[in-house]
Amino acid sequence: MSDTVLELADVRAASEVIRGRVHRTPMFGSATLGERIGAEVWLKAELFQKTGSFKPRGVLNKLSKLSDEEKRRGVISISAGNHAQALAYASSREGIDALVVMWETASPLKIEAARGYGATIDTEAPDIPAAFERLDELTESTGRTLVHPYDDPAVMAGQGTVGLELLEDVSEPDVVLVPVGGGGLVAGIATAVKAQSPATRVVAVEPERSRALHESLKAGEPVTVEAASIADGLNGPYAGASCVRQCLALGVESVLVTEEELQDAFRFLYTRAKLAPELAGAATTAALMAGKAGVEPGQTVVAVVSGGNVVAQTAAAILAGR
């Protein structure tokens with residue numbers, strides 16, 4: 001049996017499922033960042049995706065696999081915000097009732113956006129660990145189908161369509177950098193990229209204060225961590241078991257960035273690249289600016305800018321250096 005849980009064919013099938021239902025997001029070159037690190041740098045702008053992040057790709061693919069009975073019972077999930085919005089958006093278009101568990105300290109912007117797309121949001125949990133317990137309770141009591149934010153091969157395959165697109169624009173990049181919360185995006189992208197461009201290095205980028213995949217790759221199995229980064233979209237308390245297995249099998253590398261490096265990258269993207277990401281989306285740029293990605297002079301790099309759902313007050317404070 002293959003060590004992988006996902007194959008290129010799965011990602012290509014997902015691409016057909018979601019075709020015409022999501023944006024084909026643009027790729028922008030950054031001469032300024034390229035000059036700074038001595039490489040050719042491209043930014044895959046998933047912050048321009050529907051709902052403001054890559055998440056609808058995986059959700060739409062997962063929903064396509066539900067039976068009529070599962071659709072009637074409704075779906076449930078947990079999210080810091082971007083997956084919540086994606087599930088709410090996609091479910092409303094499929095006529096499926098969606099319930100999302102969040103927590104008291106989750107981004108108010110993301111909570112209201114998910115409600116605006118039509119989901120019911122449960123914020124009874126005070127923090128992330130309690131929210132996962134709440135998810136288990138509600139899944140059992142309601143009989144809803146879980147649409148996991150990352151630890152699901154169908155979701156991973158949908159996220160992998162980002163990798164198909166970026167290779168259409170940059171056929172054989174030397175390095176592809178991907179931000180990581182739970183690992184679904186990097187596992188999916190690595191599946192698409194390594195199958196078509198085996199020499200390309202795929203590098204997962206996480207905050208030092210939220211390093212679930214990093215520790216899991218070292219341990220060879222999922223590890224639970226206390227996630228406390230300012231980049232709320234990357235605060236997964238654990239990496240998905242399927243994601244860890246896929247990343248190990250494909251040789252995905254892992255680097256960590258500091259909170260200060262995340263903020264520096266946000267300021268750079270906002271002021272020089274004219275992009276307004278959330279801090280999670282700035283993680284890959286942070287790794288490049290800090291010289292942590294192992295990029296050699298003259299190489300070609302693609303950095304995924306994964307989302308743009310940033311609270312205005314947070315953006316203003318970072319730009320002002322507060």
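## Close-ups of a predicted model

**View 1. Val-75 and its partner across the strands.** Let's start small: Val-75 sits opposite Thr-145, a residue of strand E6. This is a predicted model, so keep that in mind for every view here. Zoom out a little and you'll see that strand E3 (residues 75–78) pairs with E6 through 2 bridges, in the parallel sense. Helix H5 packs on this sheet as well, where it touches E3 and strand E4 (98–101). The direction of H5 makes about 165° with that of E3.

**View 2. The four-stranded sheet.** Here's the whole sheet that E3 and E6 belong to: 4 strands in the order E5-E4-E3-E6, open, with parallel pairing. Which strands stand at the edges? They are strand E5 (120–122) and strand E6 (145–146). Each has a single partner strand, so one side of each is left without a neighbour in the sheet. If you're wondering what holds a sheet's strands together, they pair through backbone hydrogen bonds, either parallel or antiparallel.

**View 3. The six-stranded sheet.** Now for another open sheet, with 6 strands in the order E1-E2-E10-E7-E8-E9 and mixed pairing. At its edges you'll find strand E1 (27–29) and strand E9 (253–257), each pairing on one side only. Neighbouring strands in this sheet are turned by 25° against each other on average, if you ignore direction.

**View 4. Strands E2 and E10 side by side.** Take a closer look at one pair from that sheet. Strand E2 (residues 40–45) and strand E10 (residues 300–305) run parallel and are joined by 6 bridges. One spot to pick out is Ala-45, which stands opposite Val-305 in E10.

**View 5. Two helices on the six-stranded sheet.** Helix H11 (residues 212–219) lies across strand E8 (201–207) and E9, and runs at about 125° to E8. Helix H13 (residues 259–271) packs on the sheet too, touching E2, E8 and E9. Compare directions and you get about 90° between H13 and E9.

**View 6. The largest cavity.** How much space lies in the largest cavity? About 420 Å³. Its lining is made of 34 residues, and the closest to the centre are Lys-55, Tyr-150, Gly-181, Gly-182 and Gly-233. At least two lining residues each come from helix H5 (82–94), helix H7 (128–142) and helix H10 (184–196). Of the elements, H10 gives the most, with 3 residues. Sort the lining by class and you get 15 nonpolar, 15 polar and 4 charged residues.

**View 7. The largest pocket.** This one has a volume of about 310 Å³. Its lining counts 21 residues, and those nearest the centre are Ser-107, Lys-110, Ile-230, Ala-231 and Asp-232. By class, that's 11 nonpolar, 6 polar and 4 charged residues.

**View 8. The second largest pocket.** The volume here is about 250 Å³. Which residues lie nearest the centre of this pocket? Out of 13 lining residues, they are Ser-15, Arg-19, Arg-24, Glu-165 and Glu-168. Helix H1 (8–18) and helix H9 (161–169) are the elements that give two or more residues to the lining. The largest share, 4 residues, comes from H9. The lining of this second largest pocket divides into 3 nonpolar, 4 polar and 6 charged residues.

Notes
Residues are numbered from 1 along each chain as its sequence is written. This is a predicted model: local features need pLDDT of at least 70, side-chain atom pairs count only at pLDDT 80 or more; totals for chains, interfaces and linings use all residues. Side-chain values use heavy atoms; hydrogens and water are left out. On a 1 Å grid over the protein atoms alone, a cavity is a set of points where a 1.4 Å probe fits but cannot get out, and a pocket is an open set with protein on both sides within 12 Å along at least five of seven lines; lining residues have an atom within 4 Å of a point. Grid points are joined across faces, edges and corners, and a volume is the space filled by probe spheres set on the points. Ala, Val, Leu, Ile, Met, Phe, Trp, Tyr, Cys and Pro count as nonpolar, Asp, Glu, Lys and Arg as charged, and the others, Gly among them, as polar. Two strands pair if DSSP finds at least two bridges between them. Axes are lines fitted to C-alpha atoms, for helices over the stretch in contact, and angles run from 0 to 180 degrees between N-to-C directions. Contact means heavy atoms within 4.5 Å.
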